Amino acid sequence: MTSLLYVLRLAEHRVCLPCARRCVPAPSLRNTGRKFFSTSICLTRAASNSSVRSSLKSHTCGDLCPHHEGQKVTLRGHLQYQRLGKFAILRDAFGKTQVLIQDEDKDLQKKLTETTYESYVEVTGTVHPRPPNQINENMASGKVEVVADSYQVLSQARQDLPFLIRDHNKPKEQLRLKYRYLDLRHSELQANLRLKSQVSKKMRDYLQDKEGFVEITTPTLSINTPGGAQEFVVPSRHPGKFYSLVQSPQIYKQLSMIGGFDRYFQFAVCYRDEGAKPDRQPEFLQLDIEMSDVTMKDIQQLVEDLVRYSWPAHLPPLPPSLPAMTYTEAVTSYGSDKPDTRFDWKLQNVTQLLKTCGAPVLENALLKPGSSAYSFVIPQGQDHINKRVVSSWEELAQKEYSQAGVSVFRVESKSTLRGPNAKKILPDTQSELCSTLKAHMGDVMVLAIGETDCVLGLLGRLRLLAAQTLEMAGVSVRNPKSFNFLWIVDFPLFEIDPKTGKIMAVHHPFTQPREEDVHYLYTDPLKVRSQHYDLVLNGCEIGGGSIRIHNSAMQRYILYHVLGIGESSLGFLNEALESGAPPHGGIALGFDRYIAELSGAKSIRDVIAFPKSLEGRCLMSGAPGDITEEEKQLYNISTKHDSLA
């Protein structure tokens, strides 16, 4: 019986214990700009038996190292490259191996030259050391090669594949999504999805084995619930009746608490019919958690322990505890309730300085009720923030924030500004602005004046865009190896919907108000703070939760009198709350977003096996697609297209 040999990863290298030698980085070792990691699975076996549970192959293409010299092996994988009919690169999910066909094996060489790239082949041969001048330090198996005794094509790929699997010059995303089954062979996606699987397993282990949680599967088909994101509607065979795909298991996990399961979790697929963005998909995965008889601190501590337990070993260690920031502090300092704290560039209130600054256009802007002036500084940004960049910022201010524009000044000295309206600003005010903002020569000062919420939101966006502009020019702004977690707390319970002017819930209508603010529910709801908390990582909201309302009278009041939500859709929840509901609370972690941050992926589409496009379509299968007339009749559906036809 073969003994399992553990291969320890040290930094970017692997150490093979039986031969006590350090192996080179795995073939897919890559620099994401965020961190280094390898896609190879660091497991081998001592004897010549297989390192995978398969009777058809002895090793993976990422296994072989000098320890295996002289062994007879059988490999299976995709043909990535061949040269001269004698050298071939075989690739599987775990790495690459070079295969050599000797000159006297003309039949095998002919087979190799006739094999199309990406065909699935089998090679049997003996492991030999490569000549010293042919060692490939960029491959985990780069010190050895397999001299082939046999070569067999198991599945021939067609000649006109839309693209080949290369770690460079990848095709555009639209083409990759159309042929996702090919795209999945890329080492990056292999690494991301394997990391996702490993982290989810450790989270399950922790919740079930360490904390006594029960995994409960909740319905996907439910009733339409008002508020929140737009839900997908599903027709039924009952005339005029529809299901909705749940946007989260929120109500069902609360019902689980009422049902006596005091600790619930689920990796739940959720659905939202909303515009696609790099961090959004119509269907996505979240880790859903709910607990009875807990405080906000209890849930935060559980999540911190969960993250720490499942944290990938190749990433920098986490701090002993995660910092927290109030909603108000986040918005006023960073212009966002999910601030990226890997760099400073904080927003600062300069309203008082500009009220008598000498520039009429700035002073008049501050005379409007509710107006404020905020600014931030881009250190040494003058070489990168050009007219084209500023023009795009002004367009953004006008279209999305109803602002007349944004003022951008060059800092010429510790007391002098250059730019539009700069000459009209009094010298003393210029000096005070530079001193207050700690601006130096070569910096860029960004200023906006207007309605406070719009100004803060605009500058928060510009802060991130400016950082991106400098980074694209090669300037280091955010530490690529940092993972800055942050709890955001003390959210308002309600806000005004800018489209309708009505009061809406900031988190969801089941969130418990802070005890000291309960009286505002009945007098001034917009003053109520909530027991709502978000977990932010590097400027991305990866989790949100709250302590829930367990008092049926309070829940009814908020639904009916504050939010104007009728009894028909949520009456069953109110009835359940009257059945002796324990105090409870929970959180949902956006698992795709979380893994995207850990892996350095630019989009959550890069951590989902079969994602949708930005338009919400599956380019591979063609979904959403048509249905037959018989199916329309079965589900009592008629469409505008039918009536026009």
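Two strands pair if DSSP finds at least two bridges between them, and strands here are DSSP runs (E, at least two residues), with helices being H or I runs of at least four, all numbered from the N terminus. Keep that in mind for the first bit.

Quick housekeeping, folks. This is a predicted model, so local features need pLDDT of at least 70 and side-chain atom pairs count only at pLDDT 80 or more, while totals for chains, interfaces and linings use all residues. Residues are numbered from 1 along each chain as its sequence is written, and side-chain values use heavy atoms, with hydrogens and water left out.

Okay, strands. Take E21, residues 407–413. It pairs with E23, residues 444–451, in the antiparallel sense, over four bridges. If you want a spot to click on, Val408 has Val446 in E23 as its bridge partner. E21 also has E22, residues 416–418, again antiparallel, this time over three bridges. There, Arg410 is matched with Arg418 of E22. And how many residues does the hairpin use to join E21 to E22? Two.

Now the sheet with eight strands. It's open, the pairing is mixed, and the order reads E12-E16-E17-E29-E28-E27-E24-E18. Strand E12 (214–215) and strand E18 (324–326) stand at the edges with a single partner strand each, so one side of each has no neighbour in the sheet. Inside that order, E16, residues 263–271, runs antiparallel to E17, and nine bridges join them. One handy pair to look at is Phe265, whose bridge partner in E17 is Ile289.

E17 brings me to salt bridges. By that I mean a side-chain nitrogen of Lys or Arg within 4 Å of a carboxyl oxygen of Asp or Glu. The structure holds 33 of them. I'll also be saying buried, which means under 20% relative accessible area, versus exposed at over 50% and partly exposed in between, with a 1.4 Å probe and protein chains only.

So, Lys253 and Glu290: they form a salt bridge, with the closest N and O atoms 3.6 Å apart. Lys253 sits in helix H5 (residues 250–258) and Glu290 in strand E17 (residues 283–292), so this pair ties together parts 37 residues apart in sequence. Are these two buried or exposed? Lys253 is buried, at 1% relative accessible area, and Glu290 counts as buried at 0%.

Let me stay with H5 for a second. Seven of its nine residues are buried, so the helix is largely enclosed by the rest of the structure. Among those buried residues are Gln250, Ile251 and Met257, along with Lys253. After H5 comes Gly260, and its phi is positive, near 100°.

Next pair: Glu118 and Arg91, in a salt bridge with the closest N and O atoms 2.8 Å apart. Glu118 is in the loop between helix H1 (106–113) and strand E10 (120–129), and Arg91 is in strand E8 (residues 87–92), so the bridge ties together parts 27 residues apart in sequence. Glu118 counts as buried at 3% relative accessibility, and Arg91 is buried too, at 6%.

Then there's Arg605 with Glu173, whose side chains meet in a salt bridge at 2.8 Å, N to O. This pair links distant parts of the chain: Arg605 is in the loop between H15 and H16, Glu173 is in helix H2 (residues 173–178), and they're 432 residues apart. Arg605 counts as buried at 6% relative accessibility, whereas Glu173 is partly exposed at 28%.

That loop has another residue worth a look. Phe610 lies in the loop between helix H15 (591–599) and helix H16 (629–634), and it's partly exposed, with a relative accessible area of 45%. Which residues join Phe610 in a nonpolar surface patch? Tyr181 and Met620, and together the three have about 290 Å² of accessible area. Patch here means residues with over 30% relative accessible area and no salt bridge, with nonpolar side chains (Val, Leu, Ile, Met, Phe, Trp, Tyr) joined within 5 Å and like charges within 9 Å. The areas come from Shrake-Rupley with a 1.4 Å probe, and for residues only the protein chains shown count as cover.

Last stop, Ser310, in helix H6 (residues 296–310). Ser310 is buried, at 2% relative accessible area. Setting aside neighbours within four places in sequence, Ser310 is in contact (heavy atoms within 4.5 Å) with Val199, Lys202 and Met203. A polar atom of the Ser310 side chain also lies 2.9 Å from the backbone oxygen of Leu306. That's my tour, thanks!

Technical notes:
Polar contact = N/O pair within 3.5 Å; in protein donor to acceptor, adjacent residues only side chain to side chain.
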